[in-house]
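Here are some short exercises on helix packing and charged side chains, each with a worked solution. Have the structure open and try each task before reading on.

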Amino acid sequence: MPETSRRQFHDRLEDLQGKLIEMAGEAEELLGRSTTALLTRDQALAAKIREADERIDRLEVMIDEEALELLALQQPLARDLRHIAATLKIANDLERVGDHAVKISRATLRLLQHPPIADVPQLEEMVGSVRRMVAD
């Protein structure tokens with residue numbers, strides 16, 4: 001691969017990585033907002049989660065298209081191929097995190113139709129664990 005093509009390829013890989021990092025930040029933020037809505041019984045916050053998930057969905061599509069184009073046109077080998085494959089898998093997992101955040105917000109909206117229940121400290125502990133795992 002000529003040096004110019006290699007540089008362009010690596011620039012596109014860096015761009016792909018940047019989109020993945022952006023998607024990870026969006027997914028982490030969305031999960032944080034949905035669990036906050038659950039813990040604080042915030043109906044307005046819970047209602048806005050679906051709109052934010054659409055951004056994550058769009059990022060996944062962009063990442064998939066770019067990664068598949070790199071695979072098809074550049075035919076990367078070894079490390080670069082593993083990097084692209086991992087990016088596709090991670091993007092899929094992050095999209096699922098967004099979907100779970102939407103499910104949490106829907107559950108929150110259903111729970112708000114009922115009187116509050118006593119505090120459940122285990123729920124706050126689980127939320128903290130989930131947030132740490134996603135952040136890691």
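**Exercise 1.** Is R96 buried, partly exposed or exposed, and which side chain does R96 meet in a salt bridge?

*Solution.* Keep in mind that this is a predicted model.
- Step 1: R96 has a relative accessibility of 44%, so R96 counts as partly exposed.
- Step 2: The partner is D93, and the salt bridge between the two side chains spans 3.8 Å from N to O. That value falls within the 4 Å cut-off for a salt bridge.
- Step 3: Check the partner's surroundings as well: D93 has a relative accessible area of 30% and is partly exposed.
- Step 4: Place the pair on the backbone. Both R96 and D93 belong to helix α4, where three residues, about one turn of the helix, set them apart.

**Exercise 2.** Which residues are joined into one network by salt bridges that share partners?

*Solution.*
- Step 1: The network consists of R7, D11 and E14.
- Step 2: Take one of its contacts: the side chains of R7 and E14 form a salt bridge with an N to O distance of 3.4 Å.
- Step 3: Compare each accessibility with the cut-off, where exposed means over 50%. E14, at 51%, counts as exposed, whereas R7, at 41%, is partly exposed.
- Step 4: For the wider picture, the whole structure holds 11 salt bridges.

**Exercise 3.** Where do R33 and E29 lie, and how many residues apart are they?

*Solution.*
- Step 1: Both residues are in helix α1, which covers residues 3–40.
- Step 2: They are four residues apart, about one turn of the helix.
- Step 3: Their side chains meet in a salt bridge, at 3.7 Å from N to O.
- Step 4: R33 is partly exposed at 27% relative accessibility, and E29 is partly exposed at 46%.

**Exercise 4.** How are helix α3 and helix α4 oriented: roughly parallel or roughly antiparallel?

*Solution.*
- Step 1: Locate the helices: α3 runs over residues 49–74 and α4 over residues 78–111.
- Step 2: Their axes come within 9 Å and cross at roughly 165°.
- Step 3: Angles over 145 degrees count as roughly antiparallel, so α3 is roughly antiparallel to α4.
- Step 4: Add the handedness: the crossing of α3 and α4 is left-handed.
- Step 5: Finish with composition. The residues in the contact of α3 with α4 comprise 14 nonpolar, four polar and eight charged.

Methods
Residues are numbered from 1 along each chain as its sequence is written. This is a predicted model: local features need pLDDT of at least 70, side-chain atom pairs count only at pLDDT 80 or more; totals for chains, interfaces and linings use all residues. Side-chain values use heavy atoms; hydrogens and water are left out. Axes are lines fitted to C-alpha atoms, for helices over the stretch in contact, and angles run from 0 to 180 degrees between N-to-C directions. Helices (H or I, at least four residues) and strands (E, at least two) are DSSP runs, numbered from the N terminus. Angles under 35 degrees count as roughly parallel, over 145 as roughly antiparallel, 65 to 115 as roughly perpendicular and the rest as oblique. A crossing is left-handed if the near helix is turned anticlockwise from the far one by less than a right angle, and right-handed if clockwise. Ala, Val, Leu, Ile, Met, Phe, Trp, Tyr, Cys and Pro count as nonpolar, Asp, Glu, Lys and Arg as charged, and the others, Gly among them, as polar. Buried means under 20% relative accessible area, exposed over 50%, partly exposed in between (1.4 Å probe, protein chains only).
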